[in-house]
Amino acid sequence: MRIHIFWDRRSPDGLQLPVARNIAAVIGIPEILEENPVRITGYVDTRKQVDAQALLDQVAAYKHRHGITEPVLLVLHQDLFNAGHSFVFGLARESVGAAVVSTARLSNEFYGRAGSDDDLIDRTAKEGAHELGHLFGLGHCTDHECVMFCPDTLDELDGKRKMLCWSCSGRLVERLGEL
């Protein structure tokens, strides 16, 4: 099994490889890094955001058309929202093996801070690994340092480590053994 990471051309360039390698190291599954072939849909002009559910529909349709059975993570730069939330860092749909992460709110510049590629790589890798964890059946964790902890703020995301806690790691090993 491999993880397909689709990197949208409008996402920050030059960060693809370190993000992909970090995600693969956290999850323990090799990655295939590809330029995003999925059409970005679900943009809502009044919100200036992309509907994450509509985008996951597109990823699911692409997977189906191309016979991809392995998990797919789409990384894009547009801000995402989901029904009931003003924004989301990312979203996953386990039933179709598709996840999406936005770099928009993961960059320091969004918050008026000095830019940092290292921070953006770290955050994108954590959020990507988090959403992939959901694809493998992992829920949210109460351990604030676990990648499966659900952060509400950038500071909470920064407090996470690029690793699973022992409990989530054990559940992932069990789930991968079932696949």
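Select leucine 80 and valine 88: valine 88, in E7, is the bridge partner of leucine 80. The model is predicted; local features need pLDDT of at least 70, side-chain atom pairs count only at pLDDT 80 or more, and totals for chains, interfaces and linings use all residues. Residues are numbered from 1 along each chain as its sequence is written, and side-chain values use heavy atoms, with hydrogens and water left out.

**The open sheet**

Now show strand E6 (residues 80-82) with E7. They pair in the antiparallel sense over 2 bridges. Strands (E, at least two residues) and helices (H or I, at least four) are DSSP runs, numbered from the N terminus. Two strands pair if DSSP finds at least two bridges between them. Widen the selection to the open sheet of 4 strands, in the order E3-E4-E6-E7, with mixed pairing. Its edge strands are E3 (43-44) and E7, each pairing on one side only.

**Asparagine 36**

Go to the loop between strand E2 (31-35) and E3, and pick asparagine 36. Is asparagine 36 buried or exposed? It counts as buried, because its relative accessibility is 12%. Buried means under 20% relative accessible area, exposed over 50%, and partly exposed in between (1.4 Å probe, protein chains only). The side chain of asparagine 36 reaches the backbone nitrogen of valine 38 at 2.9 Å. A polar contact is a pair of N or O atoms within 3.5 Å; within protein, one must be able to donate a hydrogen and the other to accept it, and residues adjacent in sequence count only if both atoms are side-chain atoms. Add valine 75: asparagine 36 and valine 75 are 39 residues apart in sequence, and 8.2 Å apart C-alpha to C-alpha.

**The hairpin**

Select E8 and E9 (residues 98-102). These strands run antiparallel, joined by 4 bridges. Arginine 93 has alanine 98, in E9, as its bridge partner. The hairpin has 4 residues between the strands, and glycine 97 takes a positive phi near 65° there.

**Serine 107 and H3**

Move on to serine 107, in the loop between E9 and H3. At 13% relative accessibility, serine 107 counts as buried. Its side chain reaches the backbone oxygen of alanine 104 at 3.3 Å.

Next, colour H3. Of its 19 residues, 16 are buried, so the helix is largely enclosed by the rest of the structure. Just after H3, glycine 137 takes a positive phi of about 90°.

**The largest pocket**

Finish at the largest pocket, with a volume of about 320 Å³. On a 1 Å grid over the protein atoms alone, a pocket is an open set of points with protein on both sides within 12 Å along at least five of seven lines; lining residues have an atom within 4 Å of a point. Which residues lie nearest its centre? Val88, Phe89, Gly90, Cys150 and Pro151 do, out of 16 lining residues. E7 (85-88), E8 (90-93) and H3 (117-135) each supply at least two lining residues. H3 gives the most, with 4 residues.

Definitions and conventions
1 Å grid on protein atoms, 1.4 Å probe; cavity = no way out; pocket = protein on both sides within 12 Å on 5 of 7 lines; lining within 4 Å. Points joined across faces, edges and corners; volume = space filled by probe spheres on them.
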